[in-house]
Amino acid sequence: MTTKTREHSLVEFFATSRLAHAYRSAARQNKRLAHCAAVHELGHLTSHSDVMGRVHELQMVVLSHADDDHLLLTGSEMEPVVSGAFHLLFTEPATHPDQIAQWMRTTKIRSENRLHVVRVDDLEAPQVSQLLGRVCFALERDGTRGSIIDAYLAGDSLLVRGPKHRMLHVPVSSVRALSGQPRSVLRNFVIDPDGSFVHWPDLDIHLGWNQFLQAVNPDELRKAQQRTEGYNKRYGAAIRKLREEAGLPQSRIDGLTERQIRRIEQGESRATAGAISALAKAHGLDANAYMERLAKVMV
C-alpha cells in the first residue's frame, strides 16, 4: 500500500507496517512532510512496479523498527531498495540492545553512512514528525546551507547528521561556545524543526551545520560555500578587485583564459583550487597568502 501526496515526491519512504502507520501520523502533524514525501509499505511492493522500476532515480529512506521482522528487508525483491536507501532504525525504551545487533547482522547494514539509529519514547510523538520532516529538508537543500537531521552527544563529541545523510563527529572542545560546559548542559539541546540549527537554551547558543562543519574542517566549509551563487559573486568581486589593484589584465593569468577569469569574477563559475593557484602565482603569492588577501577584501 502506498500513501502519496503529490505526483513527484522528493523522498520515497519505505516502511514496515508499524512505521508506515507512524509516518502517516507524522504527515498529519507536519504539512511539510506531507508535501514532500510518499510512503510505501514493505510487503506490498509487488503491486508497485512503477516504484520498483524507478528506485535508482529516487531519494529513498527505509524506516525500520528493531523489534520488527528483519526478513522483510532480506528478500531478493527488496534488494534494489535496501542497497540504495538510507536507513532509519527506530528503537523504544523496551527495545533490547541485542535486537539492534540482530537487525544489523540480518540486514548487513551497519555503516553510519547508511544507517541512523533513533531512540523514541513514542512512534507517534512530534519528535518523529519533526525528524522525518528534517530528512526532507536535508535532501532538498544543498550541502552549503545545510540542514541538520539529528544530533546527539556521544562521549566527548557531538554527532550531527546532516545533508546527504552525512555524519559529522564534532569534538566538543573544538566548539568554543560549548567547550568546558558540564554534560548536563551539553545534553540539553533542541533541534530546530526545519534543521536550521541546534539550540542550547541554558547557554542561549544556536549552532548551524556550517558552524559544525567549520569546527571539523574549515577548508571543506570554504569549498562548500563556493558552491553558492551569492558567495561566488562576492568571491569573484574580490578576485577582480585584487587583480585590478595589481594592474593585471585578464589576459596575463597563466593557466586561465580570459573567458575563465571573466566567468569567475562575475560569479558564474566557482574558483577552483587550480584557478586559485594560477591567480596566486600571477600576484607573486602562494595560494594561502592570496586567499588571506581575498578574505580581507570580502570582509
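## Questions on a predicted model

Colleague: How many helices and strands does the protein have?
Modeller: This is a predicted model. Its secondary structure holds both helices and strands. The count comes to 13 helices and 12 strands.

Colleague: What share of the residues counts as buried?
Modeller: The protein has 299 residues. A residue is buried when its relative accessible area is under 20%. The share of residues that count as buried is 47%.

Colleague: What part of the exposed area do carbon and sulfur atoms supply?
Modeller: The protein exposes about 15100 Å². Of that area, carbon and sulfur atoms supply 48%.

Colleague: Which cysteines does the disulfide join?
Modeller: A search of the whole structure finds 1 disulfide. Its S to S distance is 2.3 Å, and a disulfide needs sulfur atoms within 2.5 Å. The link is right-handed, with 75° about the S-S bond. The two cysteines are C36 and C136.

Colleague: How many residues apart in sequence are the parts that C36 and C136 tie together?
Modeller: C36 lies in helix 2, residues 31-36. C136 lies in helix 6, residues 126-140. So the pair ties together parts whose separation in sequence is 100 residues.

Colleague: Is C136 buried or exposed?
Modeller: Buried means under 20% relative accessible area. Its partner C36 has 1% relative accessibility, so C36 counts as buried. C136 has 0%, so C136 also counts as buried.

Colleague: How are helix 12 and helix 13 placed relative to each other, parallel or perpendicular?
Modeller: Helix 12 spans residues 273-282 and helix 13 spans residues 287-298. Their axes come within 9 Å and cross at roughly 90°. Angles of 65 to 115 degrees count as roughly perpendicular. Therefore the two helices are roughly perpendicular.

Colleague: Which class do the residues in the contact of helix 12 with helix 13 belong to?
Modeller: Helix 12 brings I276, L279 and A280. Helix 13 meets them with A287, Y290, M291 and L294. The contact has no polar and no charged residues. Its 7 residues are nonpolar.

Colleague: Why does A20 count as buried?
Modeller: A20 lies in helix 1, residues 17-29. The cut-off for buried is under 20% relative accessible area. A20 counts as buried because its relative accessibility is 0%.

Colleague: Which residues is A20 in contact with, leaving aside its neighbours within four places in sequence?
Modeller: Contact means heavy atoms within 4.5 Å. V39 is one of the partners. A20 and V39 are 19 residues apart along the chain, yet their C-alpha atoms are separated by 6.8 Å. The contacts of A20 are A15, V39 and E41.

Technical notes. Residues are numbered from 1 along each chain as its sequence is written. This is a predicted model: local features need pLDDT of at least 70, side-chain atom pairs count only at pLDDT 80 or more; totals for chains, interfaces and linings use all residues. Side-chain values use heavy atoms; hydrogens and water are left out. Helices (H or I, at least four residues) and strands (E, at least two) are DSSP runs, numbered from the N terminus. Buried means under 20% relative accessible area, exposed over 50%, partly exposed in between (1.4 Å probe, protein chains only). Accessible areas come from the Shrake-Rupley method with a 1.4 Å probe; for residues, only the protein chains shown count as cover. Axes are lines fitted to C-alpha atoms, for helices over the stretch in contact, and angles run from 0 to 180 degrees between N-to-C directions. Angles under 35 degrees count as roughly parallel, over 145 as roughly antiparallel, 65 to 115 as roughly perpendicular and the rest as oblique. Ala, Val, Leu, Ile, Met, Phe, Trp, Tyr, Cys and Pro count as nonpolar, Asp, Glu, Lys and Arg as charged, and the others, Gly among them, as polar.
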